[in-house]
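Hi,

Here is the structure I promised to pass on. Have a look at it first, and my notes follow underneath.

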Amino acid sequence: MAAFGTVFMPEMAISWFDGSSWSAAEVVSSESLQLHPGAHVLHYSSTCFEGLKAFRHQDGSINIFRMDRNIDRFTQSSELLALPAIEKAATGKMIIDIVRRFKDEVPEPPGSMYIRPTHIGTEPAIGKAATPSVTSCQYILLSPVGDYFAGGDTTLRLLLEENGARCAAHMGMIKSGGNYASALRPIMKAKQEQRADQVLFCPGGDVQETGAANFLLIDGNEVITKALDESFLHGVTRDSILTIARDLGMDVQERQLTIDELLERAAKPGCEAALSGTAAVLTPVGTLIHNDKEYPVGNGGIGATTLKLRQALNDIQWGKAEDKHGWLTRI
Ligand SMILES: Cc1ncc(COP(=O)(O)O)c(C=O)c1O
């Protein structure tokens with residue numbers, strides 16, 4: 001099967017901001033995008049994006065998961081990057097219209113249609129290092145994706161990184177390309193030197209997130225994860241899993257978690273850890289690596305609570321459980 005995010009629908013929705021207003025949305029080929037080589041985004045990284053999914057239900061309907069939350073975050077990222085303001089309703093319509101256009105291509109669960117709204121600064125101006133782009137472009141790409149867990153469930157190995165950071169502390173809650181570029185070197189090093197799958201960034205010993213997912217510690221009835229602040233991405237999956245855990249009567253703690261507490265709790269037999277994200281859903285973590293030592297989480301295998309929470313989330317997404325929080329937009 002093709003790697004996640006490498007197959008695209010042939011068309012995308014697009015709209016341009018000319019400095020005073022947004023153009024009417026159009027549907028154009030997704031093969032290419034014409035930009036001036038001096039476009040602001042290509043030099044000063046004025047870019048943000050989103051990732052969300054549309055699911056096919058058994059009754060044939062197509063349902064987008066937590067679209068409003070993702071548009072809120074897209075709007076906030078644009079604002080914090082000094083990009084032109086997003087019009088939420090227009091972006092929502094672009095998303096719905098393009099997904100509707102390709103509704104027949106939305107895979108059956110466990111597959112889905114991954115939706116990638118993108119916003120970039122387009123002004124051709126290479127002297128604007130300290131000035132925002134006046135013009136911008138917003139487009140919605142679609143990519144059908146299969147089962148992330150195909151090939152059997154395995155657990156991840158995470159390197160705990162105390163000294164580096166994923167990105168600048170004030171940029172963490174912005175879903176912007178530069179943050180991912182900034183995290184690449186430590187991730188590649190951890191893969192090569194420690195056979196780690198991901199780096200869990202823990203600046204100053206404070207357990208934060210990985211390069212593309214949030215981190216949850218599940219210890220019996222307790223779910224522990226870092227409280228929201230501007231230093232990391234406010235995952236929509238994180239929020240959904242915490243809501244489901246609360247609904248199930250679990251003790252959800254959004255607070256600081258230190259490496260010391262994490263390693264101490266992980267050593268207990270029933271302890272579990274997982275990464276949450278739109279792509280990863282809820283992926284079990286089996287091993288933590290710290291100062292060249294390996295620490296299994298619980299028994300190192302896949303945790304039963306992790307699987308239960310993932311199933312509960314998938315059941316809502318796939319239309320098999322009641323959507324009592326109104327998370328689905330049926331189109
Ligand atoms: C850095 C980072 N943290 C966390 C997440 C999880 O966010 P969400 O659950 O909204 O996909 C992502 C994106 O998937 C991410 O890129």
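**What I found**

First, the shell around the ligand: its residues divide into five nonpolar, seven polar and two charged. Keep in mind that this is a predicted model. The shell has 14 residues, and the closest to the ligand are Leu233, Gly235, Val236, Thr237 and Thr278. Which elements supply at least two residues each? Those are helix H5 (236-247) and strand E13 (272-277). H5 gives the most, with three residues.

**Overall build**

Stepping back to the whole protein chain, there are seven helices and 16 strands. The C-alpha trace spans about 60 × 50 × 35 Å along its principal axes. The radius of gyration is 20 Å, which agrees with the value near 20 Å that a compact globule of 331 residues would have. Of those 331 residues, 44% count as buried. As for how the chain contacts itself, take the contacts between residues at least 6 apart in sequence: 72% of them join residues at least 24 apart.

**Two domains**

The chain is divided into domain 1 (11-145) and domain 2 (156-317). Their centres, taken over C-alpha atoms, are separated by 27 Å. How many residues are in contact across the two domains? On the domain 1 side there are 17, and they are in contact with 11 residues of domain 2. The elements that give two or more residues to the domain 1 side are E3, strand E4 (52-56) and helix H2 (67-80). H2 gives the most to that side, with five residues. By type, the domain 1 side divides into seven nonpolar, five polar and five charged residues.

**The core**

The largest nonpolar core has 79 residues, and the members that touch the most others are Val99, Ile115, Leu158, Leu200 and Ala273. Both domains take part in this core, since at least three of its residues come from each of domain 1 and domain 2. If you want one residue to start from, try Ile115. Leaving aside neighbours within four places in sequence, Ile115 is in contact with Leu52, Lys53, Ala54, Ile95, Val99, Ile140 and Leu142. Val99 turns up here again, as another of the core residues that touch the most other members.

**Backbone oddities**

Three spots in the backbone are worth a look.

- Pro109 and Pro110 are joined by a cis peptide bond, with omega at about 5 degrees. Pro110 lies in the loop between helix H3 (88-101) and strand E6 (112-121).
- Ser45 is not a glycine, yet it has a positive phi of about 55 degrees. You will find Ser45 in the loop between helix H1 (40-44) and strand E3 (47-49). Is Ser45 buried, exposed or partly exposed? With 17 other C-beta atoms within 10 Å, Ser45 is partly exposed.
- Arg195 also has a positive phi without being a glycine, at about 50 degrees. The loop that holds Arg195 runs between helix H4 (177-194) and strand E9 (198-201). Arg195 counts as exposed because it has 12 C-beta neighbours inside 10 Å.

**Two more loop residues**

Ser30 is found in the loop between strand E2 (26-29) and H1. With 19 other C-beta atoms within 10 Å, Ser30 is partly exposed, so it falls short of the 20 needed to count as buried. What does Ser30 touch? Not counting residues up to four places away in sequence, Ser30 touches Phe8, Met9, Pro10, Glu11, Met12 and Leu141. The C-alpha atoms of Ser30 and Ile14 are 9.6 Å apart, with the two positions 16 residues apart along the chain.

Asp323 sits in the loop between helix H7 (304-317) and strand E16 (328-330). Asp323 is partly exposed too, with 14 other C-beta atoms within 10 Å. Setting aside residues up to four places away in sequence, Asp323 touches Ile316 and Leu328. The C-alpha atoms of Asp323 and Gly60 are separated by 17 Å, and these two residues are 263 residues apart along the chain.

That's the tour. Shout if anything is unclear.

Cheers

Key. Residues numbered from 1 in each chain as written. Predicted model: local features only at pLDDT ≥ 70, side-chain atom pairs only at ≥ 80, totals over all residues. Near = placed C-beta within 6 Å. Helix = DSSP H or I, 4+ residues; strand = E, 2+ residues; numbered from the N terminus. Nonpolar A, V, L, I, M, F, W, Y, C, P; charged D, E, K, R; others polar. Core = buried A, V, L, I, M, F, W, Y, C linked by C-beta atoms within 7 Å. Domains from an automatic or database assignment. Contact = placed C-beta atoms within 7 Å. Rg over C-alpha atoms; globule rule 2.2 N^0.38 Å.
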